[in-house]
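This briefing covers a ligand site, a pocket and two points of backbone geometry. Please keep the sequence and the structure open while reading.

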Amino acid sequence: MGQFNNEIWFIGAEMAPLVKAGGLGDVMGSLPGVLLKAGINVRVVIPYYKNIIPQNLIEIKESYPAGKVNFGEIPFEFGIKTGITNRGIPLILIEQNHFFNREEVYGPHGGIYGYKDNLWRFAMLAHGAAYAMRIFGVPLIIHTHDWSGGFVPAVIKQTFGDKKVRLAAAGILNAKLSKHISADGLRPAVIFTIHNLGYQGVYGIDDFYDIGIDFRYNSSSAYEHFGTLNSLKGGMLLSDFVTTVSPTYANEVTTPVFGFGLNGELKNLYNDGKLKGILNGIDLDYWNPKTDNLIPHNLNLQENNYKPKDYKEWKEFKLKNKKALFSEVSLPLKIGRNGKPLPLLGIVSRFTEEKGIDIFLDSLFNWDNFPFQVIILGSGKDYIEGKALYLSEIHRDKVYSHTGKYDEALSHKIYAASDIFVMPSKFEPCGLSQMIAMRYGGVIAAGDTGGLHDTVSDIMDTNTGKPSGIFIKHLDANGVSWALNELYNIYMSNNDEIWGNLVINSANKHFGWDNSAKIYENLYYNIIK
Ligand code: ADP
């Protein structure tokens, strides 16, 4: 079966900025780049969504022999392409037009309605990746993600066997291999990251026989789950180590409320020392208020460690970006008490129940005359999109909603202009939006869960002394109103300093990858030790 190379392969469904449906795309786009900078040999394997993947990709024109997989009786061919992103990350693209040449990654409306053949599409990704190992060598480590990467460990084991590669030498991942290591009888180590347990890739168990996966994995210790086929379950149970994207979420998923039926399995992994929460970071170069060229006004400060006096500059930054955005979307700038502009509430989100956007909208509907202006960007469930559009229809001078197709540039402008960023999530595995919003000086109103708990410091929490937002105590419309009202009173108070401190605390938080990338590096070394 050839030889190992000393690489880590990220295998997943999306990768920003080439193709992104949510936070998974951001992580697949940023963590490999950080590892690469640390001298680790990384490649990213994604489907070749010909329709979606635009610029930013330099294709390497070489041709590789086609691969083949049987789904039941039907043979499917696929191609292998390689490329490199504009940030130098090497890519392997699995080309299969029938499955991947679509308008969306998972399905219409940002994947809320998944394509009916997603099971086969993402089984194809796993087979394609294993085939690519015949061409490019076998990586020492595979890092795969979410239910769409759930078939990777099974395909790896049925291709290479159960025995994991082990190397005594730490540091091997950023060294040149001094001698060739034969991959015969050994398989790469597999790490599986859960970005969202709410999506498990559940299908009828009969379909198990049509995805090219060895029948022995149709068992309750792999993909079978109460008579169904569950991709995420098999993915995590067949991997060597499982991570979630924040420490708090790693605890939460072992409980019935957050475990979505897999809490028992996750509890066992936790007890066996095979589950750990590692906080995601954001790409600090891409999300940089000082240099972001998708926003009309950059922050005019040199320092990174902002002082209370810097609030003056931050206030300017917010106001200028607010004015520019309002003129783009035709909202008047409304002035409230004290001659201050009404606080701007920002929403950038997928519209699913888990994100609590419907609760937020209900809270505004309940308010007779709410003292905020609101800009909403999101797509997903029809009824939530409808509610957002209706709210902007009846409050034309206060609310603007952009629903349907996601608009990356608009998201940057909203992060830059919002005074308060709202995320009333019922659960939040990590959440990147609140980190981005804080980096752009936003104060957060959020559910106290998962990664929100790990990244936002509550104004009620006297321990940290560095509050950057407020936790919504009860996740219903009244609870959201209460939290917004608290923040409104601080924002409108005569004493600018208190609001200024919240802004400065937010902007001073550090959400880069350095810490977490080190934790992953250690995990990679330990897993093959
Ligand atoms: P998610 O649960 O959607 O992964 P995160 O907060 O982890 O939430 O990630 C949010 C990232 O996805 C941010 O970069 C945000 O700008 C982006 N995003 C938010 N809504 C959408 C959407 N409807 N389509 C695509 N990307 C989105």
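The notes below take the ligand first, then the pocket, then the backbone.

The model is predicted. In it, 16 residues surround the ligand, and at least three of them come from each of domain 1 (4–281 + 514–527) and domain 2 (308–507). Helix H1 (residues 23–37) takes part in the shell around the ligand and also in the lining of the second largest pocket.

**Ligand shell**

- Lys20, Gly23, Asp26, Arg350 and Tyr406 are the residues closest to the ligand.
- Three elements each give at least two residues to the shell: H1, strand S16 (344–351) and helix H13 (433–439).
- S16 has the largest share, with three residues.
- Sorted by class, the shell holds six nonpolar, six polar and four charged residues.

**Polar contacts of the ligand**

- The side chain of Arg350 has an N or O atom 2.7 Å from an oxygen atom of the ligand.
- For Lys355, an N or O atom of the side chain lies 2.8 Å from a ligand oxygen atom.
- A nitrogen atom of the ligand is 3.0 Å from an N or O atom in the side chain of Ser379.
- On its own the ligand has 550 Å² of accessible area, and the protein covers 92% of this.

**Second largest pocket**

- Rolling a probe the size of a water molecule over the atoms shows where empty space is left.
- The second largest pocket holds about 330 Å³ of space.
- It is lined by 15 residues, and Gly33, Val34, Lys37, Asp283 and Asp285 are the closest to its centre.
- Which helix gives the most to the lining of this pocket? H1 does, with six residues.
- The lining is made up of six nonpolar, four polar and five charged residues.

**Backbone geometry**

- Most residues other than glycine have a negative phi, and most peptide bonds are trans.
- Is the peptide bond from Ala16 to Pro17 cis or trans? The bond is cis, with omega near -5°.
- Pro17 sits in the loop that runs between strand S2 (8–11) and H1.
- Phe226 is not a glycine, yet its phi is positive, at about 45°.
- The loop between strand S12 (224–225) and strand S13 (228–230) contains Phe226.

How values were computed: Residues numbered from 1 in each chain as written. Predicted model: local features only at pLDDT ≥ 70, side-chain atom pairs only at ≥ 80, totals over all residues. Heavy atoms only, no water. 1 Å grid on protein atoms, 1.4 Å probe; cavity = no way out; pocket = protein on both sides within 12 Å on 5 of 7 lines; lining within 4 Å. Points joined across faces, edges and corners; volume = space filled by probe spheres on them. Helix = DSSP H or I, 4+ residues; strand = E, 2+ residues; numbered from the N terminus. Nonpolar A, V, L, I, M, F, W, Y, C, P; charged D, E, K, R; others polar. Near = heavy atom within 4 Å. Polar contact = N/O pair within 3.5 Å; in protein donor to acceptor, adjacent residues only side chain to side chain. Areas by Shrake-Rupley, 256 points an atom, 1.4 Å probe, with all protein chains shown as cover. Domains from an automatic or database assignment.
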